[in-house]
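Reader: Could you walk me through this one? I would like to begin with the chains and then turn to how they meet.
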Amino acid sequence: MKMSRPVAVLLNVYALLLALLLTWPVLQIILTSFTSDIVFPPQHWSLNAFHEVLWPGLFKALIFSLKMGSAVTILLLIICLPTAYAMERRRFAGKALLSVLIFVPIIFPVVTYSSAIRVYVFMFFPWLRGNFWLIVLVTAMWPIPLVVRSIQGSLANVDVVYEEAALIMGASPLHTFFKITVPLIAPGLITAAMIGFTSATTTFVVPYILGSNQPTVSLYIFGDVGRLGFVPWIAVEVLVMELVVLGAVQILYFVFRKQFRGIFV
Amino acid sequence: MDTSIPHPRPWLARNGSTLLLLAPLLIFMLGVFAMPMIFQFAFAFFDRVFYKNVIWIPKPAFYLGNFAKAFTDPTYLYSIAWTVGIASVTTSANILLALPVAYFLARTKVWGRSLIEISFLLPIFGEIFTIYALAYALTPQGPLNWLLLKLHLIHTPIELVGSSWAVIIWMSLPTLSVLLIRSAFSGVDVLYEEAAQTMGASALQTFFKVTVPLAKNGIAGAFLLSFSGGVGAYTLPLILVGPYNDWLTNKIQREVDPYFNFPMASALGVILTVICGILFYFYLRTQEPGGER
């Protein structure tokens, strides 16, 4: 449908306004951390807030979060890579059903299954409460559909011919998979891993409800807010977390923009 | 020599490798998702007894009181109605706001496309940052109040942090739904729209009578995802409104954490799961006629 020029301009302005509104949080955090003040428009620039952050505690929490994110990412790849391969390359009964059921962790609220798991663990495995690996297992649930879809999307873009050629020439299926398929889908795989990694490092609900033994960075910041309210240096803590976690993803987004488009087909 | 028709290979030999590929997912989902959910369903029917006049402890039983309480006690009933009501309002607003921008992104050249696209992904992957940033943006001294004061819409700053309005407004903004609806619109052939227009339909008529019905499946998906996000909103009300808010998810957590009344928490959890399940069912119904996605 041809759009008249004023309508197109109007829609573009609307889209940009929406984008500004949605990126405002990032600007707001930067503004608050570099003015050490919560008044808008900013009166003066200052780095006071940076001096007030208790860095050792924050870094400890950040490192714990990164450790958890890495563990979740590895677990996600172990679960999702074979699943995506089967969904894209194999025919089996119930494939259509599975491709819908895979969205269950996103559709059912995280809080319900986390609290179900909390009660379940409390009743049957009380020694696992707050365990690192339990938190990792439960955190890995939410990103599964996104990761499977994104790997599936990049598999769909790779021609089967290469795999078949390798198989005909006598390579074993496993050899073919790791020598041919994995290198071909590497960009998609990295994107998928980054999706899992970000959502795992910044997760709040799962460690909060299950009660992690050691605070993740989001729990640490939440604890500070609970003690002190929204003081400016909370913004600095959030900014540091954002730089570490989202920074990497934003760079990767611009590098692998094409793969990102395939996630929500 | 054997000339008979070869038997089809047994089921396990044909599907064994596929099953092996799906095994990690199936084991994970059964162990970490299905088992706790089944037990949650069972716990929802537990009773409680007053142990030695000191503490309430859960007692295995088949007791419907938890569900009865959830639907008769005004606090719980209000909480259920509030959660579902707010989710429906915000989801509808969300979809309506998403439609024009999604269509625009799908059809025309856009100035600043990368910025626009990444801004829709930001709140999903950085939910926790967004929430803290909102807390700063919505203070009486913050930019929103500044803007409203400058525009002379209000005379005294409004206190948004701590009220439900902050949550409602933020949940109404479209994020993921734009991307989902955008890809649904991309799947609609321009030919249909052009045909409608040559036959004399106006632009708006074409959009609502041709494009939207053809992209119905994708829009239903966006509706489902944002509704379940709205019903399941937990961190946003917790941080922006405070721990004693009316959202059902926070009620569930409160039943577990300070009170350890897990039969009640399980009952509320089952109710929330059923709400999402019903919606999921309706979503699947809309998908059926189309077949492929």
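Author: One definition to begin with: two residues are in contact if their C-beta atoms, placed from the backbone, lie within 7 Å. This is a predicted model, in which local features need pLDDT of at least 70 and side-chain atom pairs count only at pLDDT 80 or more, while totals for chains, interfaces and linings use all residues. Residues are numbered from 1 along each chain as its sequence is written, and chains are lettered from A and ligands numbered from 1 in the order in which they are written.

Reader: OK, what share of the contacts in chain A with a separation of 6 or more comes from residues 24 or more positions apart?
Author: Such pairs account for 79% of them, and in chain B 67% of the contacts between residues at least 6 apart in sequence join residues at least 24 apart.

Reader: And how many helices and strands does chain A have?
Author: Chain A has 15 helices and zero strands, where helices (H or I, at least four residues) and strands (E, at least two) are DSSP runs numbered from the N terminus. Chain B has 14 helices and two strands.

Reader: Why does chain B count as more spread out than a compact globule?
Author: Its radius of gyration, taken over C-alpha atoms, is 25 Å, well over the 19 Å that the globule rule (2.2 Å times the number of residues to the power 0.38) gives for 293 residues, so chain B is more spread out than a compact globule. Along its principal axes, the C-alpha trace of chain B spans about 95 × 80 × 30 Å.

Reader: Switching to the interface, how many residues does each chain give?
Author: Chain A gives 67 residues and chain B gives 77 residues. On the side of chain A that touches chain B, the largest share, 17 residues, comes from α1(A).

Reader: So what does α1 do there, say against α5 of chain B?
Author: The axes of α1(A) and α5(B), residues 127-137, come within 8 Å and cross at roughly 65°; axes are lines fitted to C-alpha atoms, for helices over the stretch in contact, and angles run from 0 to 180 degrees between N-to-C directions. The residues that meet include A:W24, A:I29 and A:T32 in α1(A), and B:F129, B:L134 and B:Y136 in α5(B).

Reader: Which classes make up that contact?
Author: The contact of α1(A) with α5(B) has nine nonpolar, three polar and no charged residues, with Ala, Val, Leu, Ile, Met, Phe, Trp, Tyr, Cys and Pro counted as nonpolar, Asp, Glu, Lys and Arg as charged, and the others, Gly among them, as polar.
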